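Here are a few exercises to work through with the model open in your viewer. Try each task before you read its solution.

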Amino acid sequence: MTFPHRHLLGIEALRPEEITTLLDLADQYAALNRQSDKHADVLAGLTQINMFFENSTRTQASFEIAGKRLGADVMNMAMQASSVKKGETLIDTALTLNAMHPDLLVVRHPHSGAVDLLAQKVNCAVLNAGDGRHEHPTQALLDALTIRRAKGRLQRLSIAICGDIAHSRVARSNIMLLGKMENRLRLIGPPTLMPAGIAEFGVEVFDDMHEGLRDVDVVMMLRLQKERMDGGFIPSEREYYHRYGLDEDKLKSAKPDAIVMHPGPMNRGVEIDGTLADDINRSVIQDQVEMGVAVRMAAMDLLAQNLRLTRAAPA
Ligand code: NCD
């Protein structure tokens with residue numbers, strides 16, 4: 001088995017060579033996605049259920065498109081309208097769905113650890129589409145693929161992750177993935193938005209953008225996660241933009257060919273200048289969205305292969 005995992009819950013459990021296996025397969029799906037016939041039937045006969053307990057645009061849409069292109073029966077559970085509203089627990093909802101024999105369950109939840117807990121209760125493959133401030137593995141993988149395609153490698157790069165690190169599952173998964181692949185990581189942001197004990201992750205920490213961005217190959221911006229803040233983290237959005245928002249001037253500190261990334265959704269004029277975000281010579285934000293579909297196809301393909309192997313094995 002080249003990808004010996006039942007679930008995709010986080011980057012933490014993955015080895016560098018497994019990450020490479022997944023990205024190589026995703027490259028093939030990226031090529032398929034550019035053809036007019038985008039179908040491969042590796043998930044034919046399987047049922048995929050998307051359960052999003054938190055809002056999502058691109059992650060949910062790309063998991064849905066990914067499943068459909070691979071031939072799965074895809075259902076989006078409308079969690080706002082479900083029995084969860086009537087007080088049913090996460091586990092009850094999971095067990096109910098489990099009884100319908102899904103093969104792939106894609107879950108986003110506002111609480112860190114909720115998706116791991118759910119994975120212990122069901123007998124299908126579970127993919128974490130973001131849990132609280134814990135992990136967002138497919139985002140880190142799509143970021144990695146975008147970087148690898150733009151820079152020709154995923155090692156020995158100098159990469160800055162900027163902004164609201166403390167509340168960001170995207171930052172957490174990326175720090176783990178890019179660290180495993182032996183890159184130099186710099187975290188830039190106000191001290192109030194840096195998680196405690198972050199230096200132990202083997203990263204350099206800065207609170208000045210010009211200094212932190214010096215000679216980096218990749219600039220990864222993050223959204224201010226206001227829904228996870230209980231007030232008082234930043235003086236004002238204007239002040240934040242002035243000090244930490246990415247604009248042409250701050251970007252001059254990075255290498256001339258540095259790429260600009262953002263997982264979306266963007267607050268233009270808060271974390272990033274709108275014109276810069278749209279500048280196709282610098283920004284790879286649309287490539288990130290494109291790679292998101294390919295990476296999710298690859299992840300579901302690999303997990304479905306394992307599912308078939310385990311089911312075929314004698315008890
Ligand atoms: C991220 C998320 O939900 O964690 N968005 C995404 O998946 N594209 C980042 C964010 O919400 O800021």
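The exercises below go from the whole chain to the ligand and then to the backbone.

This is a predicted model, in which local features need pLDDT of at least 70, side-chain atom pairs count only at pLDDT 80 or more, and totals for chains, interfaces and linings use all residues. Residues are numbered from 1 along each chain as its sequence is written, and side-chain values use heavy atoms, with hydrogens and water left out.

**Exercise 1.** Check the radius of gyration of the chain against that of a compact globule.

Step 1: The radius is taken over C-alpha atoms, and the globule rule is 2.2 Å times the number of residues to the power 0.38.
Step 2: For 315 residues the rule gives a value near 20 Å, and the chain agrees because its own value is 19 Å.
Step 3: Along the principal axes, the C-alpha atoms fill a box of roughly 60 × 45 × 35 Å.

**Exercise 2.** Find the polar contacts of the ligand with Q225, P263 and G264 (N or O pairs within 3.5 Å).

Step 1: Start at the side chain of Q225, where an N or O atom is 2.7 Å from a ligand oxygen.
Step 2: Go on to the backbone: a ligand nitrogen is 3.1 Å from a polar atom of P263, and a ligand nitrogen is 3.0 Å from one of G264.
Step 3: Of the 310 Å² of accessible area that the ligand has on its own, the protein covers 94% (Shrake-Rupley method, 1.4 Å probe).

**Exercise 3.** Describe the peptide bond from G264 to P265 and the phi of H101.

Step 1: Recall that most residues other than glycine have a negative phi, and most peptide bonds are trans.
Step 2: The bond from G264 to P265 is cis, with omega near -5°. P265 lies in the loop between β9 (259-261) and α10 (274-277); helices are DSSP runs of H or I with at least four residues, strands of E with at least two, numbered from the N terminus.
Step 3: H101 is not a glycine, yet its phi is positive, about 60°. The loop between α3 (90-98) and β3 (104-109) holds H101.

Definitions and conventions: A polar contact is a pair of N or O atoms within 3.5 Å; within protein, one must be able to donate a hydrogen and the other to accept it, and residues adjacent in sequence count only if both atoms are side-chain atoms.
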